[in-house]
Every structure is written in C-alpha cells, then in structure tokens.
Amino acid sequence: MLYLTLRHYEYVTAIARHGSLSGAAQALHVSQPALSTALSRIEAHLGRVLFLRRKGAPLELTPAGRDFVAGADSLLAEAARLEQAGTAAQPPLSLTIGCFSDLAPFLIPRALGLLRATLPLVQLDVFEGGFEALIAALKAGTCDLALTYDLGLDSSITRTPLYQVTPRALMPPDHPLAQQPDTNLAALAELPLILSRDGLSSAHMMQMFKSADLVPQVAYRVASLELLRSMAARGEGVGLAYSLPASDTTYDGMPLASRPVRDPQATESVVLSCHATPVPGSTTERAMSALASGLAANSDLS
C-alpha cells in the first residue's frame, strides 16, 4: 500500500513552484495549516527534509527536495497523460517565456523563432518585466522560462549562462569621454550618471562602483532604456546600460556615442532561468535546450 497519493505530490510541487505555503495553499484551494501539516507528514514518511524553512525568507528546496520534485513532476505529467488518453478534447500544450524588459527586443523575437521550430504544436506566450516581476512569475508558475541578467535569483531558480555583456557609457558625440575608445568606473565616478530605476539593476550598478571603492554621482534614475539614451544624448548625464540598440540615434533624432566600461567587475551574465529543474523530456526542458543552444552565441549586446 502506497502512503503518498497524487495529491501529496501535487502539494510538494505546488510549494516548490510558489516558494511559500500561502501561495501554494491559495493555488490548491486548501488551508495553509492543512498544507503545512501535510508537508510535515510527507517529509516524516520520506525520512528527509524537502524544504529549508527560514523565518522571513521563501521556502527553498534542499538537494533531496529537488530530486523529489523532479520525480513528482514526471509522475504527475504521466498521470495526466493517462487520464487524458483517448479523450476527444485534450488541452493544447502551452509555454510562456519571460524576459527582462531591456533585453526583450533583442532576444524575444529570436527565441520565438527557435521555439516554433522546436515545439511547433506548443502555444507560445510572452511576458516582459523587471527583475522582481520575472522572479515572481517564475515562482508563481505563470512564466515557464525567463531570459534575464543573473541578478536577484535565489537557489530555487535554475539558470543556464548564455553569454556575458559589458556595460556601456552613453554620452553626446562631443563629450570628452567619447574621444576615447573605452572608459572605466573611476572616470565615470567623477561625472553625473543616469541609471535605471529598477531596484535590482540600480543596486547592481551601485555595488559595481562600491567594489572599486568608488562613490558615483547619480543625477537621474529612469524607468526606460530609451529615456536613458535620450537624456544622455542631450547631456543630462552619462548613461549606463547593458542593453543597447544598434542605432546611434535616439528616438528624438539626437546622435549618441557609447563606450565600453572595461573594468572586469562590470561584466554581467545573461542567463536562461527556470524555477526548479525541468522534467527530462518535458516541454520546458526541450524549450530550455533549444534556447540554450540557439542563444548562447548571441553577441549583439557585448
């Protein structure tokens, strides 16, 4: 007689997906105390801890928990297949790919082409947003994969490095920095800067200067890459960004120069991320494989 039912497996996978008992309980339409009790009984039966519990922090899978969730996902997928076999109406497979807003124009069109070639019967959807929104979507299960920088991702997020990018300083063509082939953090710290308003992006930029024992002068924080470019072109400050269009003209027709920031600590990775480890052979796993091989050579942003 098996102790664990399919419902128990659903409990564990839902907790892993949402990263919290409250989120999983709401999705499963059960009370949080009942779900907490069920998880404790499951772990006691298995004889191993599946989640790390730390006050004020999301639940994180242990190595044993990762293995269990991978197997549980496979079991639930097979159960669903058996249940649907022979029925007239089977729901179409779908996959939602997320992307950090600044990267989306560069990566999403290419990613969609790769996914259509690999998964022609799968319905594709797109989600773009900031770092926090992408992480929340991955953990809530509303986004299957995400293309982003390796910022703010905890141990519950699987990531595959694609390529590395170097930030660029943006300024008018007649700016003194534009007369040099590149620049560095020390030179930039002496000038008023324009940074992204996104919390993790801004914190990353500040930490970049701090690691070099520098304190930057931040003149503006803006929400969009194109506004940052336009303000830099008009001399409101030197812009700093990792994602740049190929054009050297802004939306309002102003010429713009860019120079790479050559400090080693400024280099950042673009990654393909997924919540937990996808089940081998699943739609998500096949999509990750196609994107990892198809986008890894992308160097348009470096």
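Select R168 and A241 to begin: A241, in strand β10, is the bridge partner of R168. The model on the screen is a predicted one. Extend the selection to strand β7, residues 168-171, and to β10; three bridges join these two strands, which run antiparallel.

Remain on β10 and display the side chains of residues 238-241. V238 and L240 point one way from the strand, whereas G239 and A241 point the other way. All four of these β10 residues are buried. This can be set beside a general pattern: in a regular strand the side chains alternate between the two faces of the sheet.

Next, select L193 together with V238. V238 is the bridge partner of L193 in β10. Adding the rest of β8 shows a parallel pairing between β8 and β10, made over two bridges.

Now move from β8 to β9. Strand β8 covers residues 192-196, and its pairing with β9 is also described as parallel, over five bridges. To locate one point on this pairing, select L195, whose bridge partner in β9 is R221.

With these strands in view, add β11 and consider the sheet as a whole. The order across this open sheet of five strands is β9-β8-β10-β7-β11, and the pairing is mixed. Which strands stand at the edges? They are β9 (217-222) and β11 (257-260); each has a single partner strand, so one side of each is left without a neighbour in the sheet. From one strand to the next, the twist averages 30°.

Select residues 199-210 to bring in helix α8, which packs on the sheet. This helix touches β8, β9 and β10, and its direction makes about 140° with that of β8.

Leave the sheet for a pair of helices. Select residues 104-118 for α5 and residues 283-295 for α10; the two helices pack at an angle of about 130°, and their axes are 9 Å apart. That angle makes α5 oblique to α10, since the class of roughly antiparallel is kept for angles over 145 degrees. The crossing of α5 and α10 is right-handed.

Finally, display the side chains where these helices meet. Which residues of α5 should be selected for the contact with α10? On the α5 side they are R110, A111, L114, L115 and T118. On the α10 side they are R286, A287, A290, L291, G294 and L295. Coloured by residue class, the residues of this contact divide into seven nonpolar, two polar and two charged.

Key. Residues are numbered from 1 along each chain as its sequence is written. This is a predicted model: local features need pLDDT of at least 70, side-chain atom pairs count only at pLDDT 80 or more; totals for chains, interfaces and linings use all residues. Side-chain values use heavy atoms; hydrogens and water are left out. Axes are lines fitted to C-alpha atoms, for helices over the stretch in contact, and angles run from 0 to 180 degrees between N-to-C directions. Helices (H or I, at least four residues) and strands (E, at least two) are DSSP runs, numbered from the N terminus. Angles under 35 degrees count as roughly parallel, over 145 as roughly antiparallel, 65 to 115 as roughly perpendicular and the rest as oblique. A crossing is left-handed if the near helix is turned anticlockwise from the far one by less than a right angle, and right-handed if clockwise. Contact means heavy atoms within 4.5 Å. Ala, Val, Leu, Ile, Met, Phe, Trp, Tyr, Cys and Pro count as nonpolar, Asp, Glu, Lys and Arg as charged, and the others, Gly among them, as polar. Two strands pair if DSSP finds at least two bridges between them. Buried means under 20% relative accessible area, exposed over 50%, partly exposed in between (1.4 Å probe, protein chains only).
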